[in-house]
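User: Got a minute to walk me through this model? I'd like to go over charges, holes and surface.

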Amino acid sequence: MPQQTPSEQAKPRKLLQPYQRWQPSLHRSPTPSAEPFINWLDLQGLVLISNIDCPIHERGNVLDLSFASSPLALAGAKTSIASHLDATSDHQPLITTVPWDQRYKETAQKLRFDTLDHTSFLSLLASNLAGTESSAATEEDLDDNHGLCSKTDFCRITRWSQRQFWQDKLSTVTQMKDVFDMSKWHKSTGTFRSPPLKDPLRPNSFLAVTIHEKRDVLVCNLLQNLAEAGDIPLDSPAVPTTSLYFPDIIMAQVEESVLQAGNTAPGSDEIPICILKVAWPLIKDKKLKKTDWSSPSSYRLITLLSVLGKGLERLVARNMAWISIYYKVLARQQFRALLLRSANDLTICLTHDVEQALNQGMTASLLTLDVKGAFDAVLPGRLIRRLREQGWPTNLVLWIASFATGRSVQIRLDGEIGPSTDIACGLPQGSPVSSILFMLYIAPLFCLGNPRNRFGYADDAANLAISTSLATNCKALSDSL
């Protein structure tokens, strides 16, 4: 072998020169040969299982790397430095631990409408509902109740229904296109780790590379709002300007809001609306008969609340929207989440005012605004005081106070679910009632100055100025801020 100079002996291999994925602390551009290697790793679904930013070369570089398939990495495969295996080399040895005795946890099967055996499903549901009428005192007693279907029977019927569904699929193949569609069944998109994250709040800090560090960055930037320090207590005094009537909710309205909804995403229970429609004739009366909330049997159908909750929130939002228009709680120029007020109506109103000004020889100028964060910036205490000032009933205000407080979230990142994080402000993005609550929250903004010149659509606002010169318009728009 040819002799190497000392500088050549200490130089790491070109392909594995410092790269952000495994050594983010070194601010050095990678060689061009590293990018194809990274792309190949992503294409193959291989995950880095070595310790990130842990130099093993005596000159401070990450020299040797270990990768594993995504299922193996999720099962716990990892690589660490093995100092006890040191062989007087210029870099430390590595040892890889593979948990051969562990099986990769399969994803729980979801209820799907197209593979559902309606007869078996309704039979199982009826037998489980019959068990909720027992006098059991604990959840274990409920599971031991003879009226309930055993887990073994449930799994057996589920497997039989799925097998029967796919056999029917295979027997009905008539075209070559169907064969190619079936070839996609076994394909997987793979599981990949998220890249290192930069913290905008701390631009000079190192990149977040571990899952724990990434979760902290997401929580600080997305879930924690600095404006929450300006909130007020929920019981702050407020003087209502009027008294609004909120109608009682009847079962027909509940059924319409829950069962006639569109493609609403299910919650953590993965129960879609189409499944709920099948079960509704059996569960609606059971829900109404449960009045003893101190008994565990009253909470047997708790897994349905994610879907039912959205339906009930949609009903409350619809009633609040109608009352807001009828009693003129919201300005005439506010749109979104309101009956008979669409984006097309908003653009027609604005276009009419601008064209009318131009026809009169005037000049029109428009200043557009956007509420940063929108739903995330809503402070619960100020929202409750705003609703009290607007005259909403006490029972509805208390329900909204419960809805807007005591919330927590968990971040799922790279297949791992993080700890629960409390949220002190904001409204949930996916809730049907959040839109109308946000519009009521910012309603006073559209009553300032001349309301006819203020337009709003959700978290977007626009101020219109009309005069004989652009300079006058600019001054008027500046003063309106």
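Analyst: Sure, we can take salt bridges, then cavities, then the surface and a helix. Keep in mind that this is a predicted model.

User: Good. How many salt bridges are there?

Analyst: The count comes to 4 salt bridges. Side chains of opposite charge can pair when their charged atoms come close.

User: Start with Glu389. Which side chain does Glu389 meet in a salt bridge?

Analyst: Arg385 is one partner, at 3.9 Å from N to O. Arg386 also forms a salt bridge with Glu389, again at 3.9 Å, N to O.

User: Where do Glu389 and Arg385 lie?

Analyst: Both are in helix α13, which covers residues 380-390. They sit 4 residues apart, about one turn of the helix. Arg386 is in α13 too, 3 residues from Glu389, which is also about one turn.

User: Why does that spacing matter?

Analyst: An α-helix has 3.6 residues a turn, so residues three or four places apart point the same way.

User: Is Glu389 buried, partly exposed or exposed?

Analyst: Glu389 counts as partly exposed, because its relative accessibility is 28% and the partly exposed range runs between 20% and 50%. Arg385 is partly exposed as well, with a relative accessible area of 28%. Arg386 comes out at 22%, so Arg386 also counts as partly exposed.

User: What about Lys475? Which residue does Lys475 form a salt bridge with?

Analyst: Asp479. The closest N and O atoms of Lys475 and Asp479 are 3.1 Å apart. This pair lies in helix α16, residues 470-480. Here too the two residues are 4 apart, about one turn of the helix.

User: Is Lys475 buried or exposed?

Analyst: Lys475 is exposed, at 54% relative accessibility. Asp479 also counts as exposed, at 54%.

User: Back to the others. Which residues do shared partners join into one network?

Analyst: Arg385, Arg386 and Glu389 are joined into one network by salt bridges that share partners.

User: New topic. How many cavities of 30 Å³ or more?

Analyst: There are 2 cavities of 30 Å³ or more. The largest has a volume of about 70 Å³.

User: What lines the largest cavity?

Analyst: The lining is Ser50, Asn51, Cys54, Ile56, Val62, Asp64, Thr79, Ser80, Ile81 and Leu94. By class, that lining has 5 nonpolar, 4 polar and 1 charged residues.

User: Which strand gives the most to the lining?

Analyst: Strand β3, residues 78-81, gives the most to the lining of the largest cavity, with 3 residues.

User: On to the outside. Which residues make the nonpolar surface patch?

Analyst: Tyr245, Trp322, Tyr326, Tyr327, Leu339 and Leu340 make a nonpolar surface patch of about 760 Å².

User: Where does Leu340 lie?

Analyst: In the loop between β5 (334-335) and α12 (343-359). Leu340 is exposed, with a relative accessible area of 84%.

User: Last one. How many residues of helix α15 are buried?

Analyst: In α15, residues 434-441, 8 of its 8 residues are buried, so by the cut-off each is under 20% relative accessible area.

User: Which ones are they?

Analyst: The buried residues of α15 are Ser434, Ser435, Ile436, Leu437, Phe438, Met439, Leu440 and Tyr441.

User: Thanks, that covers my list.

Notes
Residues are numbered from 1 along each chain as its sequence is written. This is a predicted model: local features need pLDDT of at least 70, side-chain atom pairs count only at pLDDT 80 or more; totals for chains, interfaces and linings use all residues. Side-chain values use heavy atoms; hydrogens and water are left out. Buried means under 20% relative accessible area, exposed over 50%, partly exposed in between (1.4 Å probe, protein chains only). On a 1 Å grid over the protein atoms alone, a cavity is a set of points where a 1.4 Å probe fits but cannot get out, and a pocket is an open set with protein on both sides within 12 Å along at least five of seven lines; lining residues have an atom within 4 Å of a point. Grid points are joined across faces, edges and corners, and a volume is the space filled by probe spheres set on the points. Ala, Val, Leu, Ile, Met, Phe, Trp, Tyr, Cys and Pro count as nonpolar, Asp, Glu, Lys and Arg as charged, and the others, Gly among them, as polar. Patches are made of residues with over 30% relative accessible area and no salt bridge: like charges are joined within 9 Å, nonpolar side chains (Val, Leu, Ile, Met, Phe, Trp, Tyr) within 5 Å. Accessible areas come from the Shrake-Rupley method with a 1.4 Å probe; for residues, only the protein chains shown count as cover.
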